[in-house]
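Please look at the two chains below, first at the empty space that they enclose and then at the surface where they meet.

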Amino acid sequence: MAEKTMLEAVHDAMFEEMKRDERVIVMGEDVGEGGVFRATEGFVAEFGPNRCVDTPLAEAAIVGVAIGASLNGILPIAEIQFADFSHPAFDQLVSEAARLYYRSNGTWNCPITVRMPYGAGIHGGPYHSQSVEAFYAHVPGLKVVCVATPHDAKGLLKSAVRDPNPVIVLEHKKAYRLYRQELPDEDYTIPIGVAELKREGSDISLITYGMMMHHSLKAAETVHEQDGVSVEVIDLRSVSPWDKARVLESVKKTGKALVVYEDNFTGGFGAEVAATIAQDGFDYLDGPVTRLASPDVPIAPFAGELEDFILPNPEKITTAIRKLASY
Amino acid sequence: MVSVKEIPGAMGLEREQLLDLYYKMFLSRTVAQRERMLNRLGKGPFAITGEGQEATQVGATFALRPGHDWVLPYYRDIGVAITVGQTPRDLLLALLSKSEDISSGGRNMPSHFSEPKLRIVSGSAPVSTQLPHAVGVAFAAQLRGSDEVALVTTGDGGTSPGDTHEAMNFAGIHKCPVIFVVENNGYAISVRWSQQAAVPDVSVRAAGYGFPGVTVDGNDVLAVYGAAKEAVERARSGDGPTLIEAKTYRMVPHSSDDDDRRYRTREEVEAWGKKDPVVRFQKWLEEHDLVDRRKLDEIQQLAAEEIDEATEYAENAPKPAPESALERVYAD
């Protein structure tokens, strides 16, 4: 067992996959030099520039070339430097990678992994902070995971590389160096689409993912100590597909659901979770299905005061829990 | 009698190969005409074809090794699909969106050719998204140490999207074995070339990507073949991409939903009709005593039989099961 940060876990997942299977390559901006977050540190020395490919600054080409290479025996891990910069590649992801299998009636498939550091809370301003998971979770044919722990990052990234479909791996960048976690020495994967119970509870189900999972655990601890409220925290980890069964099972037990997400309130992925609970879990509910998210302003303004004001945090989550608990 | 190889402009092809070229062009034309007819008869809701561009499509593709090299066609490329081995039956099954449609099982629109066995990569409708894919296919061949090349086509409108620039730039940097063919028919639906680009020949853009670009007469099948052959040799030997601009003309409307009388004069269309590439190549073969009337009848009869058989088969083939719309969204 070794203690690793999430960033080291991401590095190790790719490194081990490239060792395991010579078809795996990484490609993206600055990856040759190690990448802006150092996720590919030492890759050129180990694997050479043909398997750790510095691309021109052109996101549609990064994804589009990865798609083409995946049709001809290569398993590319494409890195989009910040999720905010995936928008120029939106067409390649949505029109091409996602639809290739369906439109060819299952005769072509597109086994690419697209990594994107995402999320706010790091003074990244409006273009290094966005949550993009709702855009891609909306699209049949793509799989989307949101990771925020070293263990999940490594296991889900490995699953993405081995998946025959295009998988978008959203790595919350505020979690990159948040803490160290002991990881198994042996190879392991985590299945895409399976949520994890982070804290057991009986009064409220709190469904979340990404950095909000860490904030939610703090809030759950606070209300447990101060109010005696027992909150069950579920980390979705995957938003497409997502673990509806696990969520509904929890709501059945607690009767109350709070969905916490970092993205804008309107149309964020948590809205889908809330709607599903309202429709399929109606008989279980003893209070309103509640959402806590960022307000509908561009995420995130640069000044710390502005950014802190809009993002959900443990205090805001604590308040939301107390309100829901009072029903 | 002179050997074929001594005929100027025969590009080193043997008589049988020249006749095969002609057959593929004629068959492509026949399929396109049948597709439009079936659409007008109300049997298929949409048809999109490229009559007039057969010399470019067949000539360029003829330089490849089918099943070894890759093609990433655009929606006018019946001639590309035919040349690498799709049959009239394959194409009409797609036109009528039948279950057996090898390209998509009725999921994609007609003329969105695909077949892994023939290395035809499935395409979409947003224009020129296939160019980065072609570069990726070629890049993968390089990484794997294979001598496969990729040929990708697009129209003149297809020279404008950002994907085209990004693809060519990437290919130039990595010297990818890819051949970009622009089938410049002068119109992106109704938008003239002068509104698409400020240069007369788009092939000059290749210089900006560090590889050669040539403009050829796209209605001269042997000229296109010659340019493609050279480009394939360059690609295969590790010298990187080539941009081939083939100047041609679409003799029909953009699609079954278009009326080109709104934007093209009949005089212009008729003038290009006199440069019909299929007729032009037939005359060339006749002038060089490579075919006689009897041989031409034989070839044309063969195409007619093939298209009739294909029509009957496709019309009688079953439609996809409605509930199969939910299947094959994700690979297992």
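Helices (H or I, at least four residues) and strands (E, at least two) are DSSP runs, numbered from the N terminus. This is a predicted model, in which local features need pLDDT of at least 70 and side-chain atom pairs count only at pLDDT 80 or more, while totals for chains, interfaces and linings use all residues. Residues are numbered from 1 along each chain as its sequence is written, chains are lettered from A in the order in which they are written, and side-chain values use heavy atoms, without hydrogens and water.

**The largest cavity**

A cavity is a set of points on a 1 Å grid over the protein atoms alone where a 1.4 Å probe fits but cannot get out, and its lining residues have an atom within 4 Å of a point. The volume is the space filled by probe spheres set on the points, which are joined across faces, edges and corners. There are 3 cavities of 30 Å³ or more, and the largest has a volume of about 40 Å³. Its lining includes Ser28(B), Arg29(B) and Ala32(B); α1 (15-40), α2 (54-61) and α3 (78-84) of chain B each supply at least two lining residues, with the largest share, 3 residues, coming from α1(B).

**The interface**

Contact (heavy atoms within 4.5 Å) involves 42 residues from chain A and 40 residues from chain B. For the table, nonpolar means Ala, Val, Leu, Ile, Met, Phe, Trp, Tyr, Cys and Pro, charged means Asp, Glu, Lys and Arg, and the others, Gly among them, are polar.

| Residue set | Nonpolar | Polar | Charged |
|---|---|---|---|
| Lining of the largest cavity | 2 residues | 4 residues | 4 residues |
| Side of chain A that touches chain B | 20 residues | 16 residues | 6 residues |

Notes:
Contact = heavy atoms within 4.5 Å. 1 Å grid on protein atoms, 1.4 Å probe; cavity = no way out; pocket = protein on both sides within 12 Å on 5 of 7 lines; lining within 4 Å.
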